[in-house]
Amino acid sequence: MLSAILHEFGRAASLVLHVGAATALARFLCSLYGRCDVPTLFSRLKAGAYQGKVVWITGASSGLGAEFARQLGSHGAKVILSARTTSALEEARTSIIDAGAMPSDVIVMPLDTSVLSELPAAVERACAIFG
């Protein structure tokens, strides 16, 4: 009887190891390609969830801002990209278009958010772009 219990325990432990190995492999592949974490990998948005929505992203020239803009643009959002460096914004814009966004839906608007006096005019420009 003890032998049968140990045998079943061994099978269960083996299954847990396989699931753990699969999870570790998924995490490794996600980090290798730098696209997402495991929950994000298995999450799904409704088709067109951001279609026609206007999103203004500051800090969009690199890092999380650039990736956030790329993801939203690939889901149909109209994206306004802002940061201080115009050349980096243009590179981010190209990446977003390559991910599937329409060129007319991705606008570069250089802005230094630390200069508070420029913000009201920037808001007016942003509102004028997509209405």
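## A walk through the sheet and helix α3

Start by selecting Ile 80 and Ile 107: in this predicted model, Ile 107 of β3 is the bridge partner of Ile 80. Now widen the selection to the two strands around that pair. Strand β2 covers residues 78-82, runs parallel to β3, and is joined to β3 by 3 bridges.

Next, bring in β1. This strand also runs parallel to β2, and 5 bridges join the two. For a pair to click on, try Val 55, whose bridge partner in β2 is Val 79.

With β1, β2 and β3 shown together, you have an open sheet of 3 strands in the order β1-β2-β3, with parallel pairing. Its edge strands are β1 (54-58) and β3 (106-108), each of which pairs on one side only. Turn the view to look across the strands: the twist averages 20 degrees from one strand to the next.

Now add helix α3. The helix packs on the sheet and touches β1 and β2. Its direction makes about 165 degrees with that of β1. Trace the path from β1 through α3 to β2 and you have followed a right-handed β-α-β unit.

Stay with β1 and turn on its side chains. Which residues are on the covered face of β1, and which are on the uncovered one? Val 55 and Ile 57 make up the covered face, while Val 54, Trp 56 and Thr 58 are on the uncovered one. In a regular strand, side chains alternate between the two faces of the sheet.

Back to α3, and select Ala 66, which is found in that helix. Is Ala 66 buried or exposed? Its relative accessibility is 18%, and buried means under 20%, so Ala 66 counts as buried. Leaving aside neighbours within four places in sequence, Ala 66 is in contact with Gly 59, Ala 60 and Ser 61. Then add Ala 92 and draw a distance between C-alpha atoms: Ala 66 and Ala 92 are 26 residues apart along the chain, and their C-alpha atoms are separated by 6.1 Å.

Keep α3 on screen and select Glu 67 and Arg 70. Their side chains meet in a salt bridge, at 2.9 Å from N to O. Why are these two about one helical turn apart? Because they are 3 residues apart in helix α3 (residues 63-74). How exposed is each partner? Glu 67 counts as partly exposed at 24% relative accessibility, whereas Arg 70 is buried, with a relative accessible area of 14%. A search of the whole structure finds 1 salt bridge, so there is no list of others to work through.

Finally, zoom out to the whole protein chain and colour by secondary structure. You should find 5 helices and 3 strands, following the pattern α-α-β-α-β-α-β-α along the sequence. Switch to a surface: the chain exposes about 8,900 Å², with carbon and sulfur atoms supplying 63% of it. Of the 131 residues, 24% count as buried. If you like contact maps, take the contacts between residues at least 6 apart in sequence: 54% of them join residues at least 24 apart.

Key. Residues are numbered from 1 along each chain as its sequence is written. This is a predicted model: local features need pLDDT of at least 70, side-chain atom pairs count only at pLDDT 80 or more; totals for chains, interfaces and linings use all residues. Side-chain values use heavy atoms; hydrogens and water are left out. Helices (H or I, at least four residues) and strands (E, at least two) are DSSP runs, numbered from the N terminus. Buried means under 20% relative accessible area, exposed over 50%, partly exposed in between (1.4 Å probe, protein chains only). Contact means heavy atoms within 4.5 Å. Accessible areas come from the Shrake-Rupley method with a 1.4 Å probe; for residues, only the protein chains shown count as cover. A salt bridge is a side-chain nitrogen of Lys or Arg within 4 Å of a carboxyl oxygen of Asp or Glu. Two strands pair if DSSP finds at least two bridges between them. Axes are lines fitted to C-alpha atoms, for helices over the stretch in contact, and angles run from 0 to 180 degrees between N-to-C directions. A crossover is right-handed if, with the strands pointing away from the viewer, the path from the first strand over the helix to the second runs clockwise.
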